[in-house]
Amino acid sequence: MMQRRTKRLLLRDFVEGDWTAVYAYQTHPDYLRFYHWDHRLPEDVQEFVKMFVRRQRAQPRIHFQLAMVLPESGQLIGNCGIRPRHVESYEAEIGYELDPAYWGNGYATEAARAMVGFGFAELKLHRVVASCIAENEASVRVLRKLGMQQEGRLREKEWFKGRWWDVLLFSVLRQEWDSNQLSVIGNQ
Ligand SMILES: CC(C)(COP(=O)(O)OP(=O)(O)OC[C@H]1O[C@@H](n2cnc3c(N)ncnc32)[C@H](O)[C@@H]1OP(=O)(O)O)[C@@H](O)C(=O)NCCC(=O)NCCS
């Protein structure tokens, strides 16, 4: 069972029973705003969590999508992960989502920083990428706080909720990550 501690969070592998906590926030309208989904049914969320559990068990394991948990209460508040393209890939994509009740506390940034660090240190990546809907300002802000740079804009890439949406691509390279982390440590 994989787990990681950050300053305020426990990041751990999923178990199937986590679906109820995920369902509680994935049905929130603020959460659904930048996704294709209009609503979420219990069976959708059960399948979503089962997919993570299946990927955890894969040999070799490629996907690392961990539950974000508050250590004191054990409350699951979101998830965050890194997904290499394939085994021994030099590139991986990150993603994250959080219960709207906990937005604006820096939790997504804290979790994503741990997962990007894991990717460069342990998966020996060269490049970490992310994509997000251009209007998802909170997500863009998380990526910028991680030191990622915008490297593209895919115009009208997605269709959902009755309109087209632009998608932004971000990346950070190993050498940029290493020098950013050194300056973070130097400033403490
Ligand atoms: C994106 C998401 C994970 C961010 O989680 P979070 O824990 O609130 O993120 P953080 O607190 O680390 O950082 C959010 C930043 O965005 C800023 N922000 C939030 N809403 C904003 C808005 N509407 N406009 C501009 N900035 C905004 C916050 O002020 C904060 O920046 P700051 O630290 O400079 O003040 C969360 O909003 C979420 O789960 N959204 C729904 C799912 C989703 O969109 N996932 C990402 C798909 S790419």
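This report describes the sheet, the helix packing and two backbone details of a predicted model.

## The sheet

The model contains an open sheet of eight strands with mixed pairing. Read across the sheet, the strand order is β1-β2-β3-β4-β5-β6-β8-β7. β1 (3-5) and β7 (149-160) stand at the edges, and each has a single partner strand, so one side of each is left without a neighbour in the sheet. On average, and with direction ignored, neighbouring strands of this sheet are turned by 25° against each other.

## Strand β6 and its two partners

Strand β6 (residues 127-133) runs parallel to strand β5 (residues 91-98), and three bridges join the two. One residue pair can be named here: E93 has V129 in β6 as its bridge partner.

β6 is also joined to strand β8 (residues 163-173), here by seven bridges, and these two strands run antiparallel. V128 has V172 in β8 as its bridge partner. For V129, the bridge partner in β8 is S171. V129 is thus a residue to look at twice, as it is also the bridge partner of E93.

## Helix α4 and the sheet

Helix α4 (residues 107-122) belongs to a right-handed β-α-β unit, together with β5 and β6. α4 packs on the sheet, where it touches β1, β2 (10-12), β3 (64-69), β4 (76-84), β5, β6 and β8. The direction of α4 makes about 30° with that of β4.

## Helices α1 and α3

Helix α1 (residues 19-26) packs with helix α3 (residues 42-57) at an angle of about 125°, and their axes are 9 Å apart. An angle over 115 but not over 145 degrees counts as oblique, and that makes α1 oblique to α3. The crossing of α1 past α3 is right-handed.

Which residues of α1 and α3 meet? From α1 come W19, V22, Y23 and Q26, and from α3 come P42, V45, Q46, F48 and V49. Sorted by class, this contact of α1 with α3 has seven nonpolar residues, two polar residues and no charged residues.

## Two backbone details

Most residues other than glycine have a negative phi, and most peptide bonds are trans. Two places in the loops can be compared with that pattern.

The peptide bond from Q59 to P60 is cis, with omega near -5°. P60 has its place in the loop between α3 and β3.

E88 has its place in the loop between β4 and β5. Phi of E88 is near 60°, which is a positive value in a residue other than glycine.

Terms used: Residues are numbered from 1 along each chain as its sequence is written. This is a predicted model: local features need pLDDT of at least 70, side-chain atom pairs count only at pLDDT 80 or more; totals for chains, interfaces and linings use all residues. Axes are lines fitted to C-alpha atoms, for helices over the stretch in contact, and angles run from 0 to 180 degrees between N-to-C directions. Helices (H or I, at least four residues) and strands (E, at least two) are DSSP runs, numbered from the N terminus. Angles under 35 degrees count as roughly parallel, over 145 as roughly antiparallel, 65 to 115 as roughly perpendicular and the rest as oblique. A crossing is left-handed if the near helix is turned anticlockwise from the far one by less than a right angle, and right-handed if clockwise. Two residues are in contact if their C-beta atoms, placed from the backbone, lie within 7 Å. Ala, Val, Leu, Ile, Met, Phe, Trp, Tyr, Cys and Pro count as nonpolar, Asp, Glu, Lys and Arg as charged, and the others, Gly among them, as polar. Two strands pair if DSSP finds at least two bridges between them. A crossover is right-handed if, with the strands pointing away from the viewer, the path from the first strand over the helix to the second runs clockwise.
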